[in-house]
Amino acid sequence: MPKKTTISVIKCDVGSLAGHHIVPKPLLEIAEKRLEKAQKQGIINSHYVFHAGDDLELLIVHEKGEGDPKIHKIAWDTFQEAANKAMSLKLYGAGQDLLKTAFSGNIRGMGPGVAEMEIEERRSDPIVVFAADKTSGSAFNFPMFRIFADPMNTAGLVIDPNMAGGFKFEVLDVMKNEKVVLKCPEETYELIALIGTTERYLISRIMRAKDNIICAANSTTKLTLIAGKYVGKDDPVSIVRAQHGLPAVGEILAPFMHSYFVEGWMRGSHWGPLMPVGLKDSKCTVFDGPPRMVALGFQICNGGITSDDEGTPLISDLFDDPAFDMARREAMESAATLRRMGEFEPARLSAETMEYTTLPQVLKKLQRRFKPA
Ligand SMILES: [Mg+2]
């Protein structure tokens, strides 16, 4: 059996300051300390702690495969300790994503978001990790379609013979908890028909059609369906593999040259323009937004992340680049247009989605006053 390497990105909103803004330093330090310890013990090979707005993000590289109880336990314990610290500091929403109390072997379905990908290392394996705040898993539908199915975005689909067979998309119906696999280019229109409905369908995985190698893995948590009520947005993470018969890193980043609309933003109840940002701007401010996304680039090397001589992982902050200034400006222009509309659709999400928020409580008061017209 060839040696395999697993990339796990596990995230959780454990509490933030001020309001839903950023993960403060003491919580990041807890995560760093815990993962450093796990690395010293040889359980994991590399780690990188960062935050996407109010979400604490753990990037872990190891050789234990996807869904490994040991790895998930490390993440769960880290989030628990960070949430306890958040509580003692009276941070906002302390422990809000930890929906279950007892760990049962897998962190999926317990609140935190998970994206994992097990790969057989190639000669060189460039990876891009995306993490977003104030939005939901479907925020990846549009860019993933463009990266892996749109020849107007990805030149490789046209000129790289290794990509000629296209890609397969696993799509999750979050309402029914069912999945379906569609192949592009043959089923491009059907794929769009599904994933264009972003409130219900999410792309969960993407494989290269000719050999089924994994190319992208997205988190698909739907917190509302776990908790049965609004408990915050399912701020998503994604792992994408690049080059050598897969989209180039530049093709993976190209969809973010322009802003596009995602659900989330204030109280998880509004359409908002996605803004790609560097780590230094990974914080939501205006109307708790606009929804932001960071992108980290790195190389996988012998079961870990390529590191310098001191063992510090070499990570590139991909959206920290003037090339995305245009998207950021577009995002603010769209944000202004939407906010001028206040609580009128389409600025606010559809009535169907609002069912999972606090809006029905407000409308309930009016029920008895309605008379036949
Ligand atoms: Mg968040």
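Which residues of H3 are buried? Select helix H3, residues 141-149, and the buried residues that appear are Asn-141, Phe-142, Pro-143, Met-144, Phe-145, Arg-146, Ile-147, Phe-148 and Ala-149, where buried means 20 or more other C-beta atoms, placed from the backbone, within 10 Å of a residue's own. Residues are numbered from 1 along each chain as its sequence is written. The model is predicted, so that local features need pLDDT of at least 70 and side-chain atom pairs count only at pLDDT 80 or more, while totals for chains, interfaces and linings use all residues. Helices (H or I, at least four residues) and strands (E, at least two) are DSSP runs, numbered from the N terminus.

**Around H3**

Because nine of the nine residues of H3 are buried, this helix is largely enclosed by the rest of the structure. Its buried residues pack against strands S6 (167-173), S7 (178-184), S8 (201-208) and S9 (214-218), and against helices H5 and H7 (249-253).

Add H5, residues 188-195, whose axis comes within 11 Å of that of H3 and crosses it at roughly 170 degrees; axes are lines fitted to C-alpha atoms, for helices over the stretch in contact, and angles run from 0 to 180 degrees between N-to-C directions. That makes H3 roughly antiparallel to H5, the term for angles over 145 degrees. The contact (C-beta atoms, placed from the backbone, within 7 Å) is made by Asn-141, Phe-145 and Ala-149 of H3 and by Thr-188, Leu-191 and Ile-195 of H5.

**The four-stranded sheet**

Next, select strands S1 (4-12), S2 (46-52) and S4 (113-120), and S3 (55-62). These four form an open sheet in the order S2-S3-S1-S4, with antiparallel pairing, two strands being paired if DSSP finds at least two bridges between them. S2 and S4 stand at the edges, each with a single partner strand, so one side of each is left without a neighbour in the sheet. From one strand to the next the twist averages 15 degrees. Between S2 and S3 there are seven bridges, and Ser-46 can be found opposite Val-61 in S3.

**The helices across the sheet**

Now display H1 (25-40), which lies across S2 and S3 and runs at about 165 degrees to S2, together with H2 (69-88), which lies across S1 and S3 and runs at about 155 degrees to S3. The two helices pack at an angle of about 150 degrees with their axes 9 Å apart, and that makes H1 roughly antiparallel to H2. To see the contact, show Pro-26, Leu-27, Ile-30, Ala-31, Arg-34 and Ala-38 in H1, which meet Ile-74, Asp-77, Thr-78, Glu-81, Ala-82, Lys-85 and Ala-86 in H2.

**Ile-22**

In the loop between S1 and H1, centre the view on Ile-22, which is buried, with 21 other C-beta atoms within 10 Å. Leaving aside residues up to four places away in sequence, Ile-22 touches Ser-16, Leu-17, His-51, Gly-53, Asp-54 and Lys-283. Cys-284, although 262 residues from Ile-22 in sequence, is 7.5 Å away in space, C-alpha to C-alpha.

**The S11 and S12 hairpin**

Finish at strands S11 (261-264) and S12, which pair in the antiparallel sense over four bridges, with Gly-264 opposite His-270 in S12. Five residues lie between the strands of this hairpin, where Trp-265 takes a positive phi near 55 degrees. Both faces of S12 (270-273) are covered, with His-270 and Gly-272 buried on one side and Trp-271 and Pro-273 buried on the other.

Terms used
Parallel < 35°, antiparallel > 145°, perpendicular 65-115°, else oblique. Contact = placed C-beta atoms within 7 Å. Buried ≥ 20, exposed ≤ 12 C-beta atoms within 10 Å, placed from the backbone.
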